[in-house]
Amino acid sequence: MTTFVLLSITGLGLAALYFLVASGLSLIFGLMDVLNFAHGAFLTIGAYGTWWAAGNLPGAGSTGWGFVLAVAFGVGVGTLVAALIELLLIRPLYQRHIEQVLVTVGLSLALVALVRAVWGSDPRPFPRPEWAQGTTSVLGANVPNDRFLLIVSAVVVLVSVLAFLRFTRVGLIIRAGVENRTMVTALGIDVRKAFTLVFAIGGAFAALAGALGGIYLGSISPGQGTSLLIFAFIVVVIGGMSSITGTAAAAVLVGLVQQFANYYAASGVGDLSVVLLLAVVLLARPSGLSARLA
Amino acid sequence: MKDRAVNRRNVRRLAPLVVLVVLALLPYSTLNLPGLFDGVLNSPGTLQLLALCLVFGGVALSFDLLFGFTGLLSFGHALYFAAGTYGANLLLTELGWGLGAAIAATTVLGIVLPLVIGSVALRVSGIAFSMVTLATAQVGSIIVLQDPGGLTGGEEGLAVDRTPIPDAFVGVFNTVNKYWLALAYLVLVYAVVTWVTRSRAGRVWQAIRENERRVEVLGLRPYRFKLLVFVLAGLLATLGGIVHLLLLGGSTPRVTTADFTIGLLVMVVLGGAGSRWGAVLGGVLYTYLDSRLTDLASSPAVQDLPAWLRVPLSEPLFILGTLFILVVLFVPGGIAGLVDRLGERRRGRRRPAENPPPGRAVERLRDEIGAGVGGNRPHDGV
Amino acid sequence: MSGQGGAPLLRMSDVHVRLSGSHILQGVDLTVRRGGVTALLGRNGAGKTTTVKAVLGLVPSTGVIELTGGDGRTERVDGRRTHEIVRRGIGYAPEDREVFAGLTVAENLALAERRGSDHHHDRVYELFPELQKRSRQLAGTLSGGQQQMVAIARLLLNDNQLLLIDEPTKGLAPLLVAEVADVLARAAEEVTILLVEQNLTVVQRMAQDAVVIDQGRVAWSGPADDLLTDADRTRELLGVAASGGGDHR
Ligand SMILES: Nc1ncnc2c1ncn2[C@@H]1O[C@H](COP(=O)(O)OP(=O)(O)O)[C@@H](O)[C@H]1O
Ligand SMILES: [Mg+2]
């Protein structure tokens, strides 16, 4: 029982990480038809931004509010980089989706290489606030607190995104744009502003995932984002490519399957099961689990 | 005027032959190109690098068949290359097969694997296809890294057992033979790709790239043609993996990753998607730069630079990634596209192109099939 | 309103459109005058929809497209981005309605509220009480006729000077055709309309001017009555007989 609880909560923690990366991916893909390969690099930037701030930014640190400030800094840098990339590199290729994807592929190489050039390819120990190092007893299982941090953050992000999409005008434009971008412009709306916004939002979430992933794993390395990205892609496809709730459900599914299979079968089997899951979903329903953004 | 045009066409036709002869004779040269290569041309180190360049020229061309000619953006091409190097390696090292048998069996694998995966992956199109290929290739990567039963060597990679391999392909002194082997592989890929892209299937591929639904309207089944090109490209990559194995004397897990496929994509776009010589040149250039930029980074010329320049320059992938972005943004069609445009500007007119102008591949195919089938204008959105 | 009145509001000259290798518009010249309804006619595949899309910048075009504003200033809009063109006071109802299926009726209308214009929700709900009742319903669950009402409501919500309406009665039951025609006729008292329409009864009732497109070129233009009262010409240009009466579908 304790193993089951521990695996479930750890699986949900992993799911939270996937969701943070995949939600931005699916927003960007839904609205712009761009599969953003640079998303893993946003994660790396968020992780290194937080790590750097904790050690160097006045007022920031590795505990308490100082750490919150460090995370805010990392998220801020990730957001800024993402917005600039959309404005300077993606926007000039308006409507040329393959080229846009290619640019993000180039960015995924260049940005990660840049981080490696500056801070080396060896893993760096990541600051972990004391609270995150403790454990909490749940039904007899001692669950590390960082799992809860991940899960709560993801839930907060999920609820805020849904509220944003539902209750704001920009959210309305995004929902409509996912469905029919052309008609949105034909109503006199400059949909490109929403493009920059979803890139920035996606960058922020990925950067947050980078910081939280750093706490969870205890260290960061430049290639981390890219390896997480493949599973985030799978989550996006299973979730229906452009649906936030679908992405959340798919993230939970993938996170749990991976944890349980890796534990009960053999290490690596979980990863394979996830790929198998993707194949099954795609063959059964070529459009994924759900088709609309909500 | 007319004579000169004819001459020029002959030159164009002869160019590949001239390049081939030069490449074949290169190992006899003791030319020293300081800066470009560390040793004289026929030193083992230089020949090894050149051979790698040639292999990746061929593998890039196999990827171009998918991406450039047919418009299929696969993110899983690494799998077939990896199947070649790991497949042959396991047969040689674990089962002790002879080289011929190992190559034959791996070739079969190079047909069956893309056939099975392609028949599933090609049921979806666009980005979903990219994702399925990415995910299936990831399976290969996971398996290799997990090192099941100690077979694949995990992160360490797997050195090949040299006993079954003919002496001519073993050791530093035989680098020249490996070089010729690599050249032979490239020639084979180039010949096959030239032949198939000029065949009817090739014209269907180009029409699919342009507008798949209109190809359907012509009464053809795009699925079969896509599967054909997927298997052919996979097979050519598998053969490339075998040559790579003989060249390096082992297999490395790096060739199983998504980054490896992305490298192929960069090669093709750099050189010119949809152009045969462009893709080859892209593969050669990328491989050369990847290797030389690493050396450059540790050279005194770079070490003496101020930090803001030295640090980024120390990462070949940063330079290659940036170069790639610049090409996508500013040089559509890559190097081949650039050369074409420069040539047109100099002559002031188009040469009679072998490829149809953009947007014309479907028309050409329709004319070929005959007005009877698809002679009427297509309807909305088709 | 007479067929002679009104200064040019929209002028297209020598407009060409090429899409994935096909030369679809081959030099379209046409003028829409301020006030009343101009019908854009032609056989299926003639290029009517493409002409409308060219005005909106939804397809790339060459040639000159000019709009004259309420202040009398004439501006070229070709090459401008769609939302900028639309903000000059253009409403668009596309051929397949293209209401947002995943949004509610109210959200569809809220989205259509354009900056720099008043928003006449009361006018819209007065014309289509049905929409008010269903304002919280997802537009994708509406019937075809109700979706067309949403599409027209989007047009009438803002202060426009020109409405581009592509086959608003396509696929509607005869009763609904009459209702849509009524609404459009009322709208035409205040705003200029370029109407793509296959139903010649509707055309006859509403249009003063007519432009006939054939194979990407303007084959005929002039007063609508001249076209519709000449059965031979109608048959030749449109391939149908002007019936004067019932629905030719
Ligand atoms: N995106 C497109 N690509 C290629 N051809 C198109 C495209 N859209 C429309 N066409 C073609 O252009 C022609 C005119 O279409 P359209 O303007 O929709 O005609 P209409 O509205 O008069 O029925 C048709 O032959 C149609 O098949
Ligand atoms: Mg039409």
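**Chat on a helix and an interface**

Me: How far does helix 6 of chain C reach from its first C-alpha to its last?

Reply: This is a predicted model. In it, helix 6 of chain C, residues 144-157, spans 20 Å between its first and last C-alpha, close to the 20 Å expected for its 14 residues at 1.5 Å a residue.

Me: And why is helix 6 of chain C described as largely enclosed?

Reply: Because 13 of its 14 residues are buried, helix 6 of chain C is largely enclosed by the rest of the structure.

Me: Switching topic. How many residues do chain A and chain B each put into their contact?

Reply: Chain A brings 35 residues and chain B brings 36. Together the two chains bury about 3,100 Å², with 87% of that on carbon and sulfur atoms.

Me: Which three residues supply more than any others on the chain A side?

Reply: Leu102(A), Leu109(A) and Ile230(A), which supply 19% of the area chain A buries against chain B.

Me: How many salt bridges between chain A and chain B?

Reply: The count is 1. Arg116(A) pairs with Glu315(B), and their closest N and O atoms are 3.2 Å apart.

Me: OK, which elements of chain A give two or more residues to the side touching chain B?

Reply: Helix 4 (97-119), helix 10 (224-238) and helix 12 (269-284) of chain A. Helix 4 gives the most, at 14 residues.

Me: How do the residues on that side of chain A divide into nonpolar, polar and charged?

Reply: On the side of chain A that touches chain B, 27 are nonpolar, 4 polar and 4 charged.

Methods
Residues are numbered from 1 along each chain as its sequence is written. Chains are lettered from A and ligands numbered from 1 in the order in which they are written. This is a predicted model: local features need pLDDT of at least 70, side-chain atom pairs count only at pLDDT 80 or more; totals for chains, interfaces and linings use all residues. Side-chain values use heavy atoms; hydrogens and water are left out. Contact means heavy atoms within 4.5 Å. Buried area is the accessible area (1.4 Å probe) that two parts lose on being put together, summed over both. A salt bridge is a side-chain nitrogen of Lys or Arg within 4 Å of a carboxyl oxygen of Asp or Glu. Helices (H or I, at least four residues) and strands (E, at least two) are DSSP runs, numbered from the N terminus. Ala, Val, Leu, Ile, Met, Phe, Trp, Tyr, Cys and Pro count as nonpolar, Asp, Glu, Lys and Arg as charged, and the others, Gly among them, as polar. The expected span of a helix is 1.5 Å times one less than its number of residues. Buried means under 20% relative accessible area, exposed over 50%, partly exposed in between (1.4 Å probe, protein chains only).
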